[in-house]
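User: I should like to examine the structure below through a series of questions. Please reason through each answer before giving the result.

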Amino acid sequence: MSEDWPQPYRLLDAEPYWAALDEERLTFQRCDSCGEVVWPAHSYCPHCSFRGLRWEESGGRGTVWSFSTVMRGPTPVWTAIVPYTVGFVELAEGYRLFGQIEADPAVVEIGMPVEVRFVRRGAQTLPVFAPTSGG
């Protein structure tokens, strides 16, 4: 069943992100000129148009910014795990990443502290978020 997971569409600008995930590292871009975080991945800074972006590693900690619990999976592989929660996590570095939140849907709330962990789904390692040990 693991090969039935739908796979993400991998844009060229984001290839370093996907490669880092295979090493269980969460990365994002930062502009070398204005210092702003750039996410999703780009070939230039959307804040100042500078073309010099560098990849940095995220600490993987943040808070739930928004979420929704899915009660009907869109495909058989997702149906097998309902209910599950997805949402945006605001990471400490200042960007929001969409992903699965691995927690009892009844306890997920806005502002809940979470941290990244990595799961293999089909051919791709993906970040998912779980409540921090203190949260």
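**Salt bridges and strand pairing**

Analyst: To begin with one acidic residue of this predicted model, Glu 102 has a relative accessible area of 24% and is partly exposed.

User: Which residue does Glu 102 meet in a salt bridge, and where do the two lie?

Analyst: Glu 102 lies in the loop between strand E6 (96–101) and E7, whereas its partner is in strand E7. The two positions are 19 residues apart and count as distant parts of the chain. The N to O distance is 4.0 Å, and the partner of Glu 102 is Arg 121.

User: Is Arg 121 buried or exposed?

Analyst: The cut-off for a buried residue is a relative accessible area under 20%. Arg 121 has a value of 10%, so this residue is buried.

User: Which residue forms a salt bridge with Asp 22, and how many residues separate the pair?

Analyst: Asp 22 belongs to helix H1 (residues 15–22) and is partly exposed, with a relative accessible area of 39%. Its closest contact between N and O atoms, at 3.1 Å, is with Arg 120. Arg 120 is in strand E7 (residues 113–121), and the separation along the chain is 98 residues.

User: What is the N to O distance between Arg 61 and Glu 115?

Analyst: Arg 61 is in strand E4 (residues 61–70) and Glu 115 in strand E7, 54 residues apart. Arg 61 is partly exposed at 45% relative accessible area, and Glu 115 is also partly exposed, at 24%. Their side chains meet in a salt bridge with an N to O distance of 2.9 Å.

User: How many salt bridges does the whole structure have, and which residues are linked in a network?

Analyst: A search of the whole structure gives ten salt bridges. The residues linked in a network of salt bridges are Arg 30, Asp 32, Arg 54 and Glu 56.

User: Which strands are the edge strands of the open sheet of three strands?

Analyst: The order in this sheet is E2-E1-E3, with antiparallel pairing. Strand E1 (residues 27–31) is joined to E3 by five bridges, and Cys 31 stands opposite Leu 53 in E3. An edge strand pairs on one side only, and this applies to strand E2 (37–38) and strand E3 (53–57).

User: What does UniProt list for residues 55–119, and how far apart are the end C-alpha atoms?

Analyst: The unreviewed UniProt entry lists this span as "domain: ChsH2 C-terminal OB-fold". In the model, residues 55–119 are 6% helix and 52% strand. The end C-alpha atoms of the span are separated by 22 Å.

Key: Residues are numbered from 1 along each chain as its sequence is written. This is a predicted model: local features need pLDDT of at least 70, side-chain atom pairs count only at pLDDT 80 or more; totals for chains, interfaces and linings use all residues. Side-chain values use heavy atoms; hydrogens and water are left out. Two strands pair if DSSP finds at least two bridges between them. Helices (H or I, at least four residues) and strands (E, at least two) are DSSP runs, numbered from the N terminus. UniProt positions are given in the numbering used here, feature names are shortened, and annotations may be inferred rather than shown by experiment. Buried means under 20% relative accessible area, exposed over 50%, partly exposed in between (1.4 Å probe, protein chains only).
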